[in-house]
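Thank you all for coming. I would like to take a few minutes this morning to walk through one model, and I ask you to keep the structure open while I speak.

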Amino acid sequence: MDDLEFRRIIYADPDCDDQQLLETAQKDSAKQQFWSDIRKTNASLKKALEVSIPDDLAHKLILRQTIETHNKQTRRNRLFFSLAASITLVVGLSFTLWQQPSYIDLSVQSLAHVYHEGPHALQANENFTLQQVNAKLAQYGGHLSSNIGQVYYANDCEFEKVKSLHIVMQGENSKVTVFVVPNIKGYKTQDNLTDGFLTAESLELKNTRLVVVGENTQDVELIRSKLKQQMLFTA
Amino acid sequence: MNMRNKFKQATVSSDMLNKQKRYETLVYALHGDIYRYAYWLVKNKAVAEDIVQETFLRAWKSLDSLKDEKAAKSWLITILRRENARRFERKQFNLVDLDDVAIADDHLANEVEIEHRELRNIMSGLNEEYREPLMLQVMFGYSGEEIAEQLNLNKNTVMTRLFRARNQIKETLAKSNDNRGRKNG
């Protein structure tokens, strides 16, 4: 092993315990001196570099990590909490909406129903006899004592999931729609409702509500008062 | 289903416990070495402590990627060097060089202490590219090859740097011995 190679190895790895290296050093005192100088310097350097470690560094490191983990968990818990809160809110809201039918305003519904149904009922041009109308009314426990004018249309319809009777009859000047709705608890009506085009007036007879809808307010009032007198309900 | 969930939860928490144990072992075994390395890398106690904190925090986050405990030290050094580099990306600190400040030293100023102080001064005066390979050799007993791997350098480059570092130390020591001799004489 030549001098250069020997030095290269020592520089790279002063603690090397290669057999060949040891033998080379033993044969040459200068090489041995060089090696031992390097090792001595290294030992001194190692001692010199031993700066003191801050007190409790290890504890600080563990504490920092614990706090980090805790924060992460808290964040996750907070996420779960807000998720749960959102779900509760949605469930609460849908429950409230579910309950909504009990607050349904029959007057408003009636107007909407007429608009929605359009010409189908209003342009019907049949002529129901008193008996035919009474046969329909019987299902609702009602009865017309006498003829109240031409009835163009009289059919069952669904009124917010409640089976009701939809009648179109002749007023003085125009056609008027009458809804006969069984009185479901929680439904409400307004005595008088107008949207500027249609007018709805309601009437409560025993256990049934009547809503009269028409363009002509006078006709609506006329029919309403006629019904009040002539339509009789048993229950 | 419930049983399975419970089992899963138990496994998860025992995994967490294992991870925690591993981490604590790592901290106790290596925080000294890592701190010293950081200190000699940045030559400032406060900054060194900060970097060590960041290093171990990052180590915790990716502890699962450490497969071989024997490689832990070099793994941590790699993280530490990256954290140090990141510090420079963020902001260039004004560091006080060690040789500008007197190192607090309560020990008796005997011959050995004087020598150590001198060596510390020389070490901190070394260029970082010379200082780091020498630190790895002196402090951790890394071989040339291991240093090359750790610092991601060619082995010949490492050899050259080690050689120059050692030469600089020798020269500086000789110079100061001359000075001392002159002063004393």
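I will go through a strand in chain A, then a pair of helices in chain B, and finally the contact of the two chains. Please bear in mind throughout that this is a predicted model.

Let me begin with strand β7 of chain A, which covers residues 208–214. Seven of its seven residues are buried, so the strand is largely enclosed by the rest of the structure. If you look at the two faces in turn, A:Thr208, A:Leu210, A:Val212 and A:Gly214 lie on one side, while A:Arg209, A:Val211 and A:Val213 lie on the other, and both of these faces are covered.

Which strands, then, pair with β7(A)? One of them is β4(A), residues 175–182, which runs antiparallel to β7(A) and is joined to it by seven bridges; within this pairing, A:Val178 has A:Val212 as its bridge partner. Another is β6(A), residues 199–205, which also pairs with β7(A) in the antiparallel sense, over seven bridges, and here A:Glu204 stands opposite A:Arg209. β6(A) and β7(A) form a hairpin with two residues between the strands, and in that hairpin A:Lys206 takes a positive phi near 50°.

Let me now turn to chain B, and to helices α5(B), residues 128–140, and α6(B), residues 144–151, whose axes come within 10 Å and cross at roughly 130°. That angle makes α5(B) oblique to α6(B), and the crossing is right-handed. On the α5(B) side the contact is made by B:Glu132, B:Pro133, B:Leu136 and B:Gln137, and on the α6(B) side by B:Ile147, B:Gln150 and B:Leu151. Sorted by class, the residues of this contact are four nonpolar, two polar and one charged.

Finally, how many residues of each chain take part where the chains meet? In chain B there are 30 residues in contact with 23 residues of chain A. On the chain B side, the elements that contribute two or more residues are α1 (2–42), α2 (45–61), α4 (111–125), α5 and α7 (155–184), so named here as elements of chain B. Of these, α1(B) gives the most, with ten residues. As to the character of that side of chain B, its residues divide into 17 nonpolar, seven polar and six charged.

Technical notes. Residues numbered from 1 in each chain as written. Chains lettered and ligands numbered in written order. Predicted model: local features only at pLDDT ≥ 70, side-chain atom pairs only at ≥ 80, totals over all residues. Axes fitted to C-alpha atoms, helices over the stretch in contact; angles between N-to-C directions. Helix = DSSP H or I, 4+ residues; strand = E, 2+ residues; numbered from the N terminus. Parallel < 35°, antiparallel > 145°, perpendicular 65-115°, else oblique. Left-handed = near helix turned anticlockwise from the far one by under 90°. Contact = placed C-beta atoms within 7 Å. Nonpolar A, V, L, I, M, F, W, Y, C, P; charged D, E, K, R; others polar. Buried ≥ 20, exposed ≤ 12 C-beta atoms within 10 Å, placed from the backbone. Pairing = 2+ DSSP bridges.
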